[in-house]
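Here is a friendly walk through one protein model, for anyone opening it for the first time. Take a look at the picture, and then we'll go through some of its corners together.

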Amino acid sequence: MKKLLSIITAAVALLSLSACSSTKTANSTISSTKNNSFSFFHDAKTNKRLYFNISQNGASNMGVNTDINSIILVDNGKATVYNTGGEASTLSLGDLKGLTDSQIIEKAKTIDKNIFNKNLQQNITKLQSRSFAAEAPYNQTANLLQTIKYKVPQPQDLTVKVITDNTGNNISSEEIIVPATIYLEKSSIPATLDGQTPNTTSTDYNPYEMISYYDGTNKESKFDFTFTSTLGKNTYTIFDTKYTGYHLDNREAYLLTKSDNGSYTVLDKARENGLSVSTK
């Protein structure tokens, strides 16, 4: 009888342990599903993530040959931007196959440097060309640009501006702003070249605008991304990697990031601490 009671007690204990284990696993799975979404700014303040800025021709599908214009490393409230598009070198989504995030960043650094140096030299060569030889502003600008040395992109403070609807509760758009790298300090720019209009017929190549790309005053020299919607639970699969992300203001442009374990993007909440909020 005692032996029978011992067997029954052991069986009950085993069933209890089994039940507890099943409940714990089920709750863990449900919790994981509930927390599978993330918003850009909320996530950026505490996590590290790579984003890929791409433009997609509507005539073709997203795929291995889709070029990446730039790569943004977001890490605990700061962002580092690498230029990976342009004529000097290009990077496609297919090129990321098998690469770790660290390897992607190293590749992006190399491409960013190649693009910068090639564009800089093209600018200098154009300014020194014979057609501009008699134009003093062009020669002065060429000499100024020759003093520039490439700088590896550094983490910059991340600013996110949002616009809400009339209720003030729902976000209509989010604008991500990353400051430009400063290559020319204002003090190094001669007064004759600082924000003036050249007396020249060669308006297609304005030396004053060119300087503004290097001293950080030109808005286009900053990295500025605006998105109004997300891909939701839709993903793009390239080889064995799934991507989620945001539609930029141009519907054929995207800010993509890897979708880990089914994660997907949503817009931030208007009350998220640290956002710059305005109403449409």
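Is F239 buried, partly exposed or exposed? With a relative accessible area of 46%, F239 is partly exposed. Keep in mind that what you're looking at is a predicted model.

**The overall picture**

The protein chain has 5 helices and 14 strands. Of its 280 residues, 40% are buried. If you take the contacts between residues at least 6 apart in sequence, 62% join residues at least 24 apart.

**Back to F239, and on to N76**

You'll find F239 in the loop between β10 (236-238) and β11 (241-248). Its ring has company: the charged end of K97 sits over the ring of F239, 4.3 Å from the ring's centre. There's a similar arrangement to look for at Y183, where K151 lies over the face of the ring, 5.5 Å from the ring centre.

The backbone of F239 deserves a glance too. Most residues other than glycine have a negative phi. F239 isn't a glycine, yet it has a positive phi of about 55°. N76 isn't a glycine either, and its phi is positive at about 50°. The place to look for N76 is the loop between β3 (67-75) and β4 (78-83). Its relative accessible area is 48%, so N76 counts as partly exposed.

**A cluster of rings**

How many aromatic pairs does the count come to? The count comes to 10 aromatic pairs. One of them joins F40 and Y51: the ring centres are 5.1 Å apart and the planes stand at 50°, so this pair is tilted. F40 belongs to helix α2 (residues 40-44) and Y51 to strand β2 (residues 48-55), so the pair ties together parts that are 11 residues apart in sequence.

F40 also pairs with F227. Here the centres are 6.2 Å apart and the planes are at 65°, so the pair is edge-to-face. This one links distant parts of the chain, since F227 is in strand β9 (residues 223-230), 187 residues away from F40 in helix α2. Ring pairs link F40, Y51, F227 and Y246 into a cluster.

How covered are these rings? Here are three residues of the cluster, with N53 and N206, which we'll meet below:

| Residue | Relative accessible area | Class |
|---|---|---|
| F40 | 2% | buried |
| Y51 | 2% | buried |
| F227 | 0% | buried |
| N53 | 11% | buried |
| N206 | 19% | buried |

**N53 and its neighbours**

N53 is found in strand β2. Which residues is N53 in contact with, leaving aside its neighbours within four places in sequence? The list is I68, N69, S70, I72, F225, L248, Y254 and L255.

**Helix α5 and what covers it**

Now for helix α5, which covers residues 207-214. It is mostly covered, as 6 of its 8 residues are buried. The buried ones are P207, Y208, M210, I211, S212 and Y214. And what covers them? The cover includes α3 (101-128) and α4 (136-145).

Two packed helices are described by the angle between their axes and the distance between the axes. For α3 and α5, the axes come within 12 Å and cross at roughly 155°. An angle over 145 degrees counts as roughly antiparallel, and α3 and α5 are therefore roughly antiparallel to each other. The crossing of α3 past α5 is left-handed.

Which residues meet where α3 and α5 come together? From α3 there are F116, L120, N123 and L127, and they meet P207, M210 and Y214 of α5. The spacing of such residues fits a simple rule. An α-helix has 3.6 residues a turn, so residues three or four places apart point the same way.

Both ends of α5 have something to show. Ahead of the helix, N206 is found in the loop between β8 (171-178) and α5. The C-alpha atoms of N206 and P137 are separated by 9.3 Å, although the two residues are 69 residues apart along the chain. Just after α5, G216 takes a positive phi of about 85°.

Key:
Residues numbered from 1 in each chain as written. Predicted model: local features only at pLDDT ≥ 70, side-chain atom pairs only at ≥ 80, totals over all residues. Heavy atoms only, no water. Phe/Tyr/Trp six-rings, centres within 6.5 Å; stacked < 30°, edge-to-face > 60°. Helix = DSSP H or I, 4+ residues; strand = E, 2+ residues; numbered from the N terminus. Buried < 20%, exposed > 50% of the residue type's maximum accessible area, 1.4 Å probe, protein only. Lys NZ or Arg CZ within 6 Å of the ring centre and 35° of its normal. Contact = heavy atoms within 4.5 Å. Axes fitted to C-alpha atoms, helices over the stretch in contact; angles between N-to-C directions. Parallel < 35°, antiparallel > 145°, perpendicular 65-115°, else oblique. Left-handed = near helix turned anticlockwise from the far one by under 90°.
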